[in-house]
Amino acid sequence: MAIESDVLVIGGGLAGATAAIEAARGGASVRLVAHKENTLRNASGLIDVLGYNGGDEPLVEPFEAIADLPDEHPYRKVGVEAVRESLALFDEIAGDLYEGGHTETNALSPTYGGRVKPTGRYPKSAAAGLASRTEDTLLVGFEIVTSFDAPLAAERLDSSVPFDVRGVTIRFPGEFRADARITRLATALDADELRDREQRLGTREALAARVAEYLGDAERVGFPALLGDDEHQAVREALETELGVPVFEVPMGPPSLPGMRLEDRLYEELDAEGVRVESGNPVVGYTADDGRITAVSVDRGRREVPYHAEQFVLATGGLVGKGIDSSREGVSEPVFDCHVPQPEERYEWFHDRVFDDQPYARFGVSVDDGLRPLDSSGEPEFSNLRAAGAVLGGYDMAREKSASGVSLSTGLVAGQRANEDLQ
């Protein structure tokens, strides 16, 4: 039996999931195919809209700055209202997992490096740590979690915020391997494993007892983001009860518990909307007729299987996610071989100073206002293909702190346009 759907989304990250959910809600039959684990589990879990626009000072009002972005920026393609609409969709899906209210103004969230980062949405587990809450803070790190140096992060944070910040490194309760992953520590807190058999203390109470020795005058306590997975709310509440102060998580790098929690919530929504999700097999080719894609080929081990659809959404990621590839021959989009604008002279791809505004950071496919990838002459590559998320060019997500906002808004519009073309 032929594999057919109205809309086929390629890529299972934030942009792909948003496009699939939006298309399904519009009445289309939707299939989502993803090759590798999506990048959500490597992300901080913060939903950044627009943190910077060319300067060193963080933006207070991101929507006010969108009008000043270049014409080729994805936000200018989809429009301000689409960005607002995508945040509303995110709020609905995320539910009590996130806190927001920062559609018009950015919040400042502490990072594990001891800086503050402008962001539009943050996990509820991080809410008590916002820099706008001027409460003296204790940051707690663990000997076993070498990626978070709490005393160093506290020293940096203390120099830039109007409240006192201290840091301490302690031993995580119980005996764990020196290379234990943070997911193992989260599991111990989830299950409240019995770690102090002599005093009959579970992991949560044992941890609180150790932190209490250093609490002093601190009015809140921050931990690296490992306070449970499935039971994260109960873990945090238990620590708050024991310590008598608000507890928060500091967003971390991969593997990211907040990113995994968000991934779970998005895929629950995909399932609720009837989206068929397949992962583990790459898209390796396509067929087209008269300017329209008719099917893509999915590599299922020993054979290539055609997946037919009326509309296609490309959401495979950027240079990091391999949605954009690079070699000595140039920069390319590997699934449909869409045109990727790039300077012919390689020395124009980058600047010598690492922290300069690097041209290669903006590499990606160019699109029209309907998010259809454009060829070298400025015409749509295919009439039924749209692109969303990091595969798009024309913006520097790392420098702007805009990755999640672009993924949400372009994913939403790609799903909507695909549905409109089905009518």
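**Exercise 1. Ser-297 and its surroundings**

Task: In this predicted model, list the contacts of Ser-297 outside its neighbours within four places in sequence, name its strand, and decide whether Ser-297 is buried or exposed.

Solution.
1. With neighbours within four places in sequence set aside, Ser-297 is in contact with Pro-282, Val-283, Val-284, Gly-285, Tyr-286, Glu-304 and Val-305.
2. The residue belongs to strand β15.
3. The relative accessible area of Ser-297 is 16%. Buried means under 20%, so Ser-297 is buried.

**Exercise 2. The strands around β15**

Task: Determine how β15 pairs with β14 and with β16, and describe the two hairpins.

Solution.
1. Strands β14 (residues 283-289) and β15 (residues 292-299) run antiparallel and are joined by 6 bridges. Ala-288 has Ile-293 of β15 as its bridge partner.
2. These two strands form a hairpin with 2 residues between them, and Asp-290 in the turn has a positive phi of about 55°.
3. β15 is also joined to strand β16 (residues 304-314), by 5 bridges and in the antiparallel sense. Here Val-296 stands opposite Tyr-307 of β16.
4. The hairpin of β15 and β16 has 4 residues between the strands, and within this hairpin Gly-301 adopts a positive phi near 80°.

**Exercise 3. Val-296 and the nonpolar cores**

Task: Which residues touch the most other members of the largest nonpolar core, and what is in contact with Val-296?

Solution.
1. The largest nonpolar core has 78 residues; Val-30, Val-296 and Phe-336 touch the most other members.
2. Helix α1 (residues 14-25) gives the most to this core, contributing 8 residues.
3. Beyond its neighbours within four places in sequence, Val-296 is in contact with Leu-8, Ile-10, Val-283, Gly-285, Tyr-286, Val-305, Pro-306, Tyr-307, Phe-312 and Phe-336.
4. Another core, of 45 residues, lies apart from the largest one; among its members are Val-161, Phe-172, Leu-226 and Val-235.

**Exercise 4. The open parallel sheet**

Task: Establish the strand order of the open sheet of 4 strands, identify its edge strands, and place helix α5 relative to the sheet.

Solution.
1. The order is β8-β7-β11-β12, with parallel pairing.
2. β8 (165-170) and β12 each pair on one side only and are therefore the edge strands.
3. From one strand to the next, the twist averages 25°.
4. Helix α5 (residues 150-158) packs on the sheet and touches β7 and β8; the direction of α5 makes about 175° with that of β8.
5. β7 (residues 137-142) and β8 pair over 6 bridges in the parallel sense. One bridge can be located by its residues: Leu-138 has Arg-166 of β8 as its partner.

**Exercise 5. Helix α8**

Task: Compare the span of helix α8 with the expected value, and determine where around the axis its buried residues lie.

Solution.
1. Helix α8 (residues 232-243) has 12 residues and reaches 17 Å from its first C-alpha to its last, which is close to the 16 Å expected at 1.5 Å a residue.
2. The buried residues in α8 are His-232, Val-235, Arg-236, Leu-239 and Leu-243.
3. Because these residues cover an arc of only 95° around the axis, they lie on the same side of α8.
4. The elements covering them include α6 (182-191), α7 (203-212), β11 (220-224), β12 (247-250) and α9 (257-272).
5. Just after the helix, Gly-244 takes a positive phi of about 75°.

Technical notes
Residues numbered from 1 in each chain as written. Predicted model: local features only at pLDDT ≥ 70, side-chain atom pairs only at ≥ 80, totals over all residues. Heavy atoms only, no water. Expected span 1.5 Å × (residues − 1). Buried < 20%, exposed > 50% of the residue type's maximum accessible area, 1.4 Å probe, protein only. Arc of directions from axis to C-beta. Contact = heavy atoms within 4.5 Å. Axes fitted to C-alpha atoms, helices over the stretch in contact; angles between N-to-C directions. Core = buried A, V, L, I, M, F, W, Y, C linked by side-chain atoms within 4.5 Å.
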